[in-house]
Amino acid sequence: MSNELKCRNLKVLEERFPGMAELIEEKKDSLLKKEAVQITEETAFTGEQILTVKWEGRRLYLAGRRAPSAHPENQVSVLGRIIPNAPVFVLGMGNLHYIDQLNQKADESVQILIYEPLFSVFYKQLYLADFKKLFGKRTVVMIVEGINEDGLDGMIRTMLQGDKVPLMKYFVLPNYVELCLEQTENFLKILKEHTHAYYVGMGTKMFFRNDFAKNFYSNVRYIRTGYKAFQLLNVIPADIPAFVVSAGPSLNKNIKQLKRAKNKSFMIAVDTALKPLLKEGIVPDMFATLDGIKPVELIEQEEAKNIPLLAKLTSTKGMLDYHTGKKFFINEGLRYANELFAMNHKSIEGFAVGGSVATLAFSLVCHLGFRKIIFVGQDLAYTGNKSHADGTFQEKMPQEDTKGFIMVPGNYEDELPTLSNLDGYRKWFGEYIEQWEKDHYVEFINATEGGARIEGTTLMTLAEVIDAECTREVNIKSCIDSLEPFFNKEEQDKILKYFQDTPKQIHEIVLLAQEGRKLYSQLDKLCRKGNLDKKAYLKILKRVKRNRKKIEQNPHFDMLINSMIVAEQIIRSGQYFKHDTLEEEGLELARQGKEYMKLMEGYAEAIEEIAKETVAKET
C-alpha cells in the first residue's frame, strides 16, 4: 500500500472538503477498532485486485470474483440514460468499478454523492485508489460514516433541489445491505422522504391548479380595503401571552379552560377550531385560514363573520366572501398583489408560513413579538386514534384505523400514530423554535395535553399556564378596532382602476404566447431546411428570448405559472437533454416551445375570464 498515494488523496479531500483530512487522521484508530472488520485484497480471475470483507466468519466480496467490471457495467446500464446535471447517489465505494462506470457513462455535469458506511473500506481505498483521477472535474460529494455522516441528509436535500428529483439515480453496492443494514435503511429512507416531499408538492400544485387563480383573483379584491398583518405590531401589547389554538383531538380535554384566558391574552385560532370554540362561548381575537379548498361550513356561524381574519390570498375564496370583518394579509411574493402596494409607494411584509394554517398563525405571533407563546390543541398526531377535535368536521369525530401510520414521540405517551405531513409540521415547529430562540427572548409552552412532542417547548397543563401567565386585563378587540385600512380613499380608487384594467393586462400574455408560437414555428421550419443558417437560427432565438422575457415581466406571470404545471414540466423535462446537431436541438426546442406557448395561451385566456368575473367587476 502506498503512503504517498494516501497523502495525495487526503490532500484532494482537503481541497474539496476542508477539515475532512484532519478528522480522518484524528478518528481513524477508534473507527477501525469500532468496526472490527478485516478488509483484504484478492486477485480476481481477470487479474484485477478486489476487496473482500471478512465478517462473522464469512468472506463477502465487494466485486465479482470472475469479472469485477461485469456487474457494474450491467447495473449502470440498467439505470438508463443519466441526464446531464442529474444527481446520482451511491451507497458504498466497494472496488470503485461502479464509480468508474459512472465516470465513463455520465456527462461531467452529473453530480455524484458517494456514501461509504464502512470507514474500513474508505480507509483502505485511500492507499489503493487515485481520488484525483476518480473525481475528475465533476462534482463528487464524499460522505463517510464516522467522519461527516451528519451531512448526508443536507447534501441529499441540496442535490435534489428544484426539479432534480425526476432525474435522480441511485444504487446500493453488493453486500452492503448485509454488512450495513441500518445505514442502508437510513440512506434509502432519506431518499424516500425527499422524493416523497417533491411529489407531494407537485401533487398539491396539480390538485389546486383549477382553484388557485379563482381564489387569488377573488381574494385580492379585499386588499384594497384590508389590512397588513404587521399593522398589529405595537398595537397589541407583547407582554401578554399568545395562544395558538388548533383543532387536534386533545382540544376537547381543555377547551373550557380557554374562557379564563379571554381578555388576558391574545388568542388566535385556526379555522377548524373556530366552531368548537364558539360553541363553548369563546370568541378568539383572530382566526387564520390558509388552504385553498377548505369547506366554508367550518366557519359558518354568525359570530365568526366579524372576528378579525388572517388569510392567504390563495385561501378558499368562500371563506373570505363569508367573512365581513377585518382581513389581514402578508406578502406571499405574488407580483400582482405586491404591485397594489408599489403603485402607492408602499410595501407589505411577509414571513415564513410553514405550509399549514397552524404554522401560519404561529409565525404571526412570533413576528408580533410575544414573549410567551402557548400551543393548545396542537396534537400533530392521532391522539386516541382521532384526527380532529369533536365539533370540527363532525359533531363526534370517529376513531380511525391507524395501522401502518408512522409513530412519533408523544407529550404524555412514549409514542403515538401520525401521518408524514403532520410529522413534517412537527419538525417545522421544532426547527423554527430553535432558530427563533437564537435572536429573541421568548418561551414556548405546549399546553396541548396530548399529541406529539414539539422540540423546544415546555410542557404544562393549560390551567397552569393560565394561572401563571394570564394576570392582567387587556381589551384586544379595542386594539384591533383602532386600526384603519392600510390604503386611504385616494389609494383605494387608484387600485380600483388597476383592478378594472386587469383582464387587459392578462390578455397581453395571450398575444405574446401567440407571437411565441409563431417564432417557434419559424424555428422548426428553419431547422428542417437542411444546411442550417446559423445566423438566422441565432436571430430567432434572440427574438424568442425577448418574447419570453416580456411574458415573465407581466405581473400575472407568477400566478399563471402556478396554474400551468403541465406546461412548466414541458420545459423542465427537456432542458437537460443534449443533442448531436444544432438542427436536432432546434427541432426539439421548437417542439417544446410550441406546446408550451399553446398551453400558456389557453391558461392565460382562462385566467383572463376569471379576472373579468372578479377584480374587474369590483366597484
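Two strands count as paired if DSSP finds at least two bridges between them, and the exercises below apply this rule, among others, to a predicted model.

**Exercise 1. Describe the protein chain as a whole, from its elements to its surface.**

Solution. Begin with the elements: the protein chain has 23 helices and 18 strands. Next, consider burial, where 52% of the 619 residues turn out to be buried. Then turn to the contacts whose separation is 6 or more, of which 72% join residues that lie 24 or more positions apart. Finally, the chain exposes about 28,700 Å², and carbon and sulfur atoms supply 49% of that area.

**Exercise 2. Work out the order of the nine strands in the open sheet, and explain which strands stand at its edges.**

Solution. Step one is to follow the sheet from neighbour to neighbour, which gives the order β8-β13-β12-β11-β10-β9-β14-β17-β18, with parallel pairing. Step two is to look at the ends of this order: β8 (227–228) and β18 (458–459) each have a single partner strand, so one side of each is left without a neighbour in the sheet. Step three is to examine one of these edges in detail, where β8 pairs with strand β13 (residues 327–329) in the parallel sense over two bridges. Within this pairing, lysine 228 has phenylalanine 329 of β13 as its bridge partner. As background, the strands of a sheet pair through backbone hydrogen bonds, either parallel or antiparallel.

**Exercise 3. Check the length of helix α18, and then find how its buried residues are arranged around the axis.**

Solution. Start with the length: helix α18 (residues 489–500) has 12 residues, which at 1.5 Å a residue should span 16 Å, and the 17 Å between its end C-alpha atoms agrees with this. The expected span is taken as 1.5 Å times one less than the number of residues. Now list the buried residues of α18, which are Glu491, Gln492, Ile495, Leu496, Tyr498 and Phe499. Seen down the axis of α18, these residues fall within an arc of 160°, so they line one face of the helix. An α-helix has 3.6 residues a turn, so residues three or four places apart point the same way. The buried residues of α18 pack against α13 (335–342) and α19 (502–528), whereas on the other side of α18 Lys489 and Glu490 are exposed.

**Exercise 4. State how many disulfides there are, and decide whether cysteine 180 and cysteine 527 are buried or exposed.**

Solution. A disulfide requires two cysteine sulfur atoms within 2.5 Å, and by this rule the count is zero disulfides. Cysteine 180 is buried, with a relative accessible area of 2%, and cysteine 527 is buried as well, with a relative accessible area of 5%.

Methods: Residues are numbered from 1 along each chain as its sequence is written. This is a predicted model: local features need pLDDT of at least 70, side-chain atom pairs count only at pLDDT 80 or more; totals for chains, interfaces and linings use all residues. Side-chain values use heavy atoms; hydrogens and water are left out. Helices (H or I, at least four residues) and strands (E, at least two) are DSSP runs, numbered from the N terminus. Buried means under 20% relative accessible area, exposed over 50%, partly exposed in between (1.4 Å probe, protein chains only). Contact means heavy atoms within 4.5 Å. Accessible areas come from the Shrake-Rupley method with a 1.4 Å probe; for residues, only the protein chains shown count as cover. The arc is that of the directions from the helix axis to the C-beta atoms.
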